[in-house]
Amino acid sequence: MDEIFKPSRRTFLRGSAAIAAGTVAGQAVAQDGPDPKITELQDWASYTGVGVDETPYGLPISFESDVVRRNVEWLTASPISSINFTPIHALDGTITPQGCAFERHHSGAIELSKDDYRLMINGLVDRPLIFTYADLERLPRENHVYFCECAANTGMEWAGAQLNGAQFTHGMIHNMEYTGVPLRTLLREAGLDAAGDLADKWVYVEGADASSNGRSIPMEKALDDVLVAFKANGEALRMEHGYPVRLVVPGWEGNMWVKWLRRVQVTDMAVGSREETSKYTDVYENGIARKWTWVMDAKSVITSPSPQMPITHGQGPLVISGLAWSGHGQITRVDVSKDGGITWETARLGKQGDTKALTRFYLDTDWDGSPMLLQSRAIDETGYVQPTKDQLREKRGENAVYHNNCIQTWFVNEEGVAENVEVS
Amino acid sequence: VIEGTYGLGRVAFDEEIAAWDVDVLPDGRGLPEGRGDVFTGEEVFVDKCASCHGDFAEGVGNWPVLAGGFDTLANRDPVKTVGSYWPYLSTAWDYINRSMPFGEAGTLTPDETYAIVAYLLYSNNMVDDDFELSHENFTEVEMYNADGFVVDDRPELEYAEWRTEPCMENCKESVEITMRATFLDVTPDEDVEAA
């Protein structure tokens with residue numbers, strides 16, 4: 001590749017620093033002599049470590065301090081109604097550690113105790129009901145793993161390549177194992193006979209926070225797989241993720257996953273709340289907007305190499321790793337291109353994809369040190385193939401804000417430094 | 001215990017439902033009785049809203065613009081306001097009543113909310129300065145972009161086309177980089193943040 005592919009000075013410096021650090025972490029290559037890490041007695045092999053009474057609830061080791069949520073100040077007017085990003089570039093597998101799983105609040109993360117918690121079911125039901133937290137724990141539970149992706153994930157990238165890192169371009173997502181009660185169970189406790197024909201009925205769901213984040217969900221979905229969840233990844237929800245109870249709406253845009261859930265109302269029409277009119281509607285090029293774009297379509301991203309994860313080990317074996325997901329069901333296949341989409345190889349799935357959940361893919365390859373234009377392309381069980389950004393823009397223009405599931409390109413140069421780019 | 005249920009939960013009191021069920025539907029259902037005019041609304045707005053949204057609802061700094069932007073939705077940078085974009089007036093009443101002012105939500109009286117919404121209509125040149133909004137005339141207000149929305153049509157316009165076996169080899173003749181994030185340089189600097 002020619003001159004135009006050279007990285008900016010800033011990126012180059014960052015990449016060089018990473019490479020220098022990489023040699024410290026060290027790959028096993030021919031040494032001048034015996035390795036003192038082996039031949040000299042190390043402290044940890046002689047002295048004792050910390051006791052079991054040291055850390056009742058642990059945090060990651062200090063060496064992993066860069067694996068944290070980050071925010072982008074210029075995106076929003078206030079950090080109270082804002083977003084931060086999961087460090088997906090540094091994670092592997094599919095389960096997102098709760099402590100670094102992204103947050104999106106509209107009036108901040110509130111502190112709501114189980115004792116203070118109440119859930120109301122009202123509207124077109126036979127008996128409007130109030131549940132306490134303890135009531136919810138007495139109903140039959142289910143466990144499911146699902147992704148929660150913000151509708152705006154990758155939204156800053158509609159008009160071009162903007163943020164340099166998978167965390168920022170694709171990190172408004174997390175994937176957890178939820179424990180909870182199906183929403184249908186609660187609706188049946190309240191009785192749906194009064195609603196009559198359920199085909200044209202809705203549930204309006206809202207949170208206990210000041211923003212309320214009210215959204216309308218068609219009854220068919222409410223009775224299908226929506227969960228009223230109180231555990232995630234084995235423990236209680238984090239405060240910032242809706243403690244003690246949130247809605248889980250599999251495959252659908254994250255905004256509908258109402259946190260601190262306080263009320264479910266059966267209605268005969270969509271409420272047309274702020275979050276489904278002013279926001280979470282997608283403007284086309286002609287000024288007309290789509291509403292009720294609930295499902296998150298099939299999408300993927302290579303998490304390593306990526307701008308925050310340069311190649312530091314030189315030529316030879318290279319693991320290309322990434323995530324794929326679809327709101328329509330299982331991921332059945334992921335293709336990877338190293339030449340910007342001219343040729344594709346089918347990657348290996350870490351394990352068979354769960355429905356509406358993150359799926360890990362790997363392409364184990366041999367890097368000859370040539371520049372690469374890395375792309376991944378997800379395919380789901382409906383046969384839907386993740387589109388390019390140009391395909392999306394042809395249909396929608398550049399002002400949709402939400403639902404950007406385009407194929408991402410990383411340019412990797414001879415140094416192993418990666419950059420967010422668009423290609424023809 | 002009613003057959004087919006677990007008999008958990010207890011019946012909600014009317015007062016409890018009234019306290020929490022305050023949403024307003026596009027057809028006006030849910031509106032409480034009340035009224036407020038443009039002049040009153042301007043006073044309330046300047047007192048409680050203008051520090052973020054501007055005296056004329058034009059927005060301050062990065063805070064949302066609530067007025068203007070008509071006929072910009074097909075532009076490169078659309079200005080989506082209550083006037084130019086919102087399809088229902090009920091949404092404005094409901095959202096302001098429930099979630100504004102930011103940081104002091106739920107403190108407005110119904111009459112104050114009617115007045116603020118009347119002032120927003122005036123700021124958007126949708127009513128005259130002597131206009132009074134009430135639960136009685138609420139649904140007579142016509143919104144500029146009421147017909148500006150279509151239900152998700154991805155199944156027809158996109159899915160049919162994109163559910164095909166994709167190309168694997170020789171998929172294009174050449175590839176060029178057309179845009180680069182490092183030219184914009186707006187990504188937070190990790191070295192600084194990590195320190």
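Which residues form one aromatic cluster with Trp202(A)? In this predicted model, the cluster is made up of Trp202(A), Trp252(A), Trp292(A) and Trp294(A).

**Figure 1. The aromatic cluster of chain A and a lysine beside it.** Trp202(A), Trp252(A), Trp292(A) and Trp294(A) belong to one aromatic cluster. One member, Trp292(A), also has a lysine over its ring face: Lys291(A) lies there, 4.2 Å from the ring centre. A similar label can be put on a second view, in chain B, where Lys80(B) lies over the face of Tyr85(B). In that case the distance to the ring centre is 5.3 Å.

**Figure 2. A tilted tyrosine pair in helix H5 of chain B.** Over all chains the structure holds 18 aromatic pairs. In the pair of Tyr119(B) and Tyr122(B), the ring centres are 6.3 Å apart and the planes meet at 35°, so the pair is tilted. A tilted pair is one whose angle falls between the limits of 30 degrees for stacked and 60 degrees for edge-to-face. Both tyrosines sit in helix H5 of chain B, which covers residues 110-123. Tyr119(B) and Tyr122(B) are three residues apart in this helix, so about one helical turn separates them. Is each tyrosine buried or partly exposed? Tyr119(B) is buried, with a relative accessible area of 2%, whereas Tyr122(B) is partly exposed at 34%.

**Figure 3. An open sheet with strands from both chains.** Six strands make up this open sheet, and their pairing is antiparallel. The order is E18(A)-E17(A)-E21(A)-E22(A)-E23(A)-E5(B). Strand E18 of chain A (345-346) and strand E5 of chain B (177-180) stand at the edges. Each of these edge strands has a single partner strand, so one side of each is left without a neighbour in the sheet. Within the sheet, strand E21 (residues 372-380) and strand E22 (residues 409-412), both of chain A, run antiparallel and are joined by four bridges. Opposite Gln375(A) stands Thr409(A), in E22(A).

**Figure 4. The disulfide of chain B.** Over all chains the count comes to one disulfide. Cys167(B) and Cys171(B) form this link, with their sulfur atoms 2.1 Å apart. The angle about the S-S bond is -100°, and the link is left-handed. Both cysteines count as partly exposed: Cys167(B) has 35% relative accessibility, and Cys171(B) has 26%.

**Figure 5. Two buried cysteines of chain A without a bond.** Why does the sulfur of Cys100(A) not form a bond with the closest cysteine sulfur? That sulfur belongs to Cys148(A) and is 14 Å away, which is too far for a bond. Cys100(A) is buried, with a relative accessible area of 7%. For Cys406(A), the closest cysteine sulfur is in Cys150(A), 15 Å away and again too far for a bond. Cys406(A) counts as buried, at 0% relative accessibility.

**Figure 6. Confidence in chain B.** The average pLDDT of chain B is 94, and 97% of the residues score at least 70. Residues 191-195 of chain B have a pLDDT below 50. Beyond near neighbours in sequence, this stretch has five contacts in the model. For the model, the scores are ipTM 0.95 and pTM 0.94.

Note on methods: Residues are numbered from 1 along each chain as its sequence is written. Chains are lettered from A and ligands numbered from 1 in the order in which they are written. This is a predicted model: local features need pLDDT of at least 70, side-chain atom pairs count only at pLDDT 80 or more; totals for chains, interfaces and linings use all residues. Side-chain values use heavy atoms; hydrogens and water are left out. Two strands pair if DSSP finds at least two bridges between them. Helices (H or I, at least four residues) and strands (E, at least two) are DSSP runs, numbered from the N terminus. Rings of Phe, Tyr and Trp (its six-membered ring) pair if their centres lie within 6.5 Å; planes under 30 degrees apart count as stacked, over 60 as edge-to-face and the rest as tilted. Buried means under 20% relative accessible area, exposed over 50%, partly exposed in between (1.4 Å probe, protein chains only). A charge sits over a ring if NZ of Lys or CZ of Arg is within 6 Å of the ring centre and within 35 degrees of the ring normal. pLDDT is the predictor's confidence in each residue, from 0 to 100. Contact means heavy atoms within 4.5 Å. A disulfide is a pair of cysteine sulfur atoms within 2.5 Å.
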